Amino acid sequence: MASTGAGNEQSPQRCPLPPDEAARLAELRRYALLDSPAEQAYDDLTQLAAQLCDTPIALISLVDERRQWFKSRVGLDACETPREFAFCAHAILADQLFEVGNALEDPRFHDNPLVTGAPHIRFYAGMPLTGSGGHPLGTLCVIDSRPRQLSAQQRDGLQRLARQVVQLCELRLSQRRQAEQAALQRAILDSAGSAIVTTDAAGHISGINPAAEQLLGFSRQQLLGQPLATSLLGARRRDAANEEESRQTSPDCDLAALLGRAAKARVEPFEWTYIRQDGSRLPLLLTLSTIQGEGGQPLGFVIIAQDLGPLEAAQQRLRHIAAQIPGMVFQAQLREQGTVRFPMPAKASKTSTAWPPRTCTSAARRSSPPSTRTTARRPSPPSCARPANSAPGGRNTACSTRARG
């Protein structure tokens with residue numbers, strides 16, 4: 001329904017504020033449209049509105065505290081006017097088409113400077129542009145210098161075009177948020193100390209942070225768009241003895257299979273060998289996560305790589321030190337399945353028949369008498385040294401005893 005304004009005795013040039021003015025202004029600022037550059041998509045809709053309604057002027061007007069600013073305009077040189085003179089300030093008070101057939105006969109506008117002077121407004125029709133928060137941002141309006149009325153078809157078309165303007169505003173807001181989110185994610189990735197590689201759903205590299213460039217020896221330009229499996233990964237997982245054994249015994253040696261598994265369920269961190277640009281192999285601990293869309297479909301993957309090289313170097317130095325001690329030193333690794341393994345016996349223990357490296361189960365150790373639970377020389381079991389602040393249930397225990405001649 002259109003408003004003719006007949007019989008309204010409000011003082012000219014004065015318009016009440018919307019009851020939700022503070023919230024309306026906050027939503028208007030959220031769209032960041034005010035004083036933005038001209039955009040062809042908005043200009044096309046404004047031009048269509050002028051053609052549809054057969055008017056010389058059409059505007060996309062946004063109303064802030066003190067002015068109405070035109071995001072797009074046809075047939076008008078001014079880019080803004082004071083809010084106190086704005087027909088649109090009246091239009092945003094309703095949620096329907098606001099139409100003035102002859103401004104000279106309307107007491108709200110008859111002495112308005114935009115009526116008594118250029119552009120000599122006589123006819124005005126404006127459809128409020130309501131944002132996603134429910135507040136009117138402004139209007140899509142058409143103006144003529146002669147009195148008239150819109151046809152039913154023109155009113156319907158103007159309302160449809162106004163909805164398209166709102167959709168453009170929402171799309172622009174969404175794109176701006178996505179750009180801000182992408183910038184934030186890029187800042188986080190660039191500042192992360194761990195090597196991070198992102199891929200699309202097919203496993204093609206879509207991003208790589210500086211830490212990954214430094215660790216892997218490849219630049220971002222060299223890797224973007226390349227398949228992750230063929231670009232960076234070695235042929236085997238590091239828990240297999242050799243490449244042929246890995247292909248025969250480990251169905252997970254193909255990264256594509258891992259990506260497929262990750263898309264359906266959580267994949268535990270695992271060790272893998274990367275191949276650097278110079279051909280050297282780099283032992284890494286990989287954490288693979290899926291990027292999921294709103295419907296749960298995989299959009300891509302995030303791979304975080306931690307260099308295991310320093311850890312392996314430290315273990316190698318520890319083995320070297322243990323081999324030089326004139327006694328028996330071993331490291332016990334308590335596994336989740338209840339077995340105990342001695343992977344690093346000292347040199348002296350290797351030559352002693354009483355200290356063969358072996359694996360036994362926790363259950364066997366509990367059921368055996370003390371003389372059989374200890375792998376030291378039976379007359380003198382080794383003394384186990386544990387740091388004072390360590391708990392009895394620790395997973396690693398270092399023990400030593402002096403070898404007897």
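This short presentation describes a sheet, the helices that lie across it, and one buried aspartate.

Good morning, colleagues. Please keep in mind throughout that the structure under discussion is a predicted model.

I shall begin with the sheet. It is open and consists of six strands, arranged in the order β3-β2-β1-β6-β5-β4, and the pairing is antiparallel. At the edges are β3, residues 80-82, and β4, residues 98-100, each of which pairs on one side only. On average, and ignoring direction, neighbouring strands of this sheet are turned by 25° against each other. As a general point, the strands of a sheet pair through backbone hydrogen bonds, in either a parallel or an antiparallel manner.

Consider the edge strand β4 in more detail. Three bridges join β4 to β5, residues 123-130, and the two strands run antiparallel. Within that pairing, V100 has Y124 of β5 as its bridge partner.

I now turn to the helices. Helix α1, residues 21-31, lies across β1 (57-63) and β6 (136-144), and runs at about 80° to β6. Helix α2, residues 40-53, lies across β1, β2 (67-74) and β6, and runs at about 80° to β2.

Does the length of α2 agree or disagree with that expected of a helix? At 1.5 Å a residue, its 14 residues should span 20 Å, and the end C-alpha atoms are 20 Å apart, so the two values agree.

Which residues of α2 are buried? They are Y42, L45, T46, A49, A50 and C53. These residues cover an arc of only 140° around the axis, and therefore sit on the same side of α2. Their packing partners are β1, β2, β6 and α5, the last of these being residues 152-191. The face turned away from this buried side carries Q40 and Q51, which are exposed.

Immediately after α2 comes D54, with a positive phi near 55°. D54 leads us to the final residue of interest, since D54 is among the residues that D144 touches.

D144 is found in strand β6. Is D144 buried or exposed? Its relative accessible area is 6%, and because the cut-off for burial is under 20%, D144 counts as buried. Leaving aside residues up to four places away in sequence, D144 touches D54, T55, P56, H120, I121, R122 and F123. In addition, the side chain of D144 makes a polar contact with the side chain of R148, at 3.5 Å.

To conclude, I would draw attention to two features: the buried side of α2, which packs against β1, β2, β6 and α5, and the buried D144 in its contact with R148. Thank you.

Methods. Residues numbered from 1 in each chain as written. Predicted model: local features only at pLDDT ≥ 70, side-chain atom pairs only at ≥ 80, totals over all residues. Heavy atoms only, no water. Pairing = 2+ DSSP bridges. Helix = DSSP H or I, 4+ residues; strand = E, 2+ residues; numbered from the N terminus. Axes fitted to C-alpha atoms, helices over the stretch in contact; angles between N-to-C directions. Contact = heavy atoms within 4.5 Å. Expected span 1.5 Å × (residues − 1). Buried < 20%, exposed > 50% of the residue type's maximum accessible area, 1.4 Å probe, protein only. Arc of directions from axis to C-beta. Polar contact = N/O pair within 3.5 Å; in protein donor to acceptor, adjacent residues only side chain to side chain.
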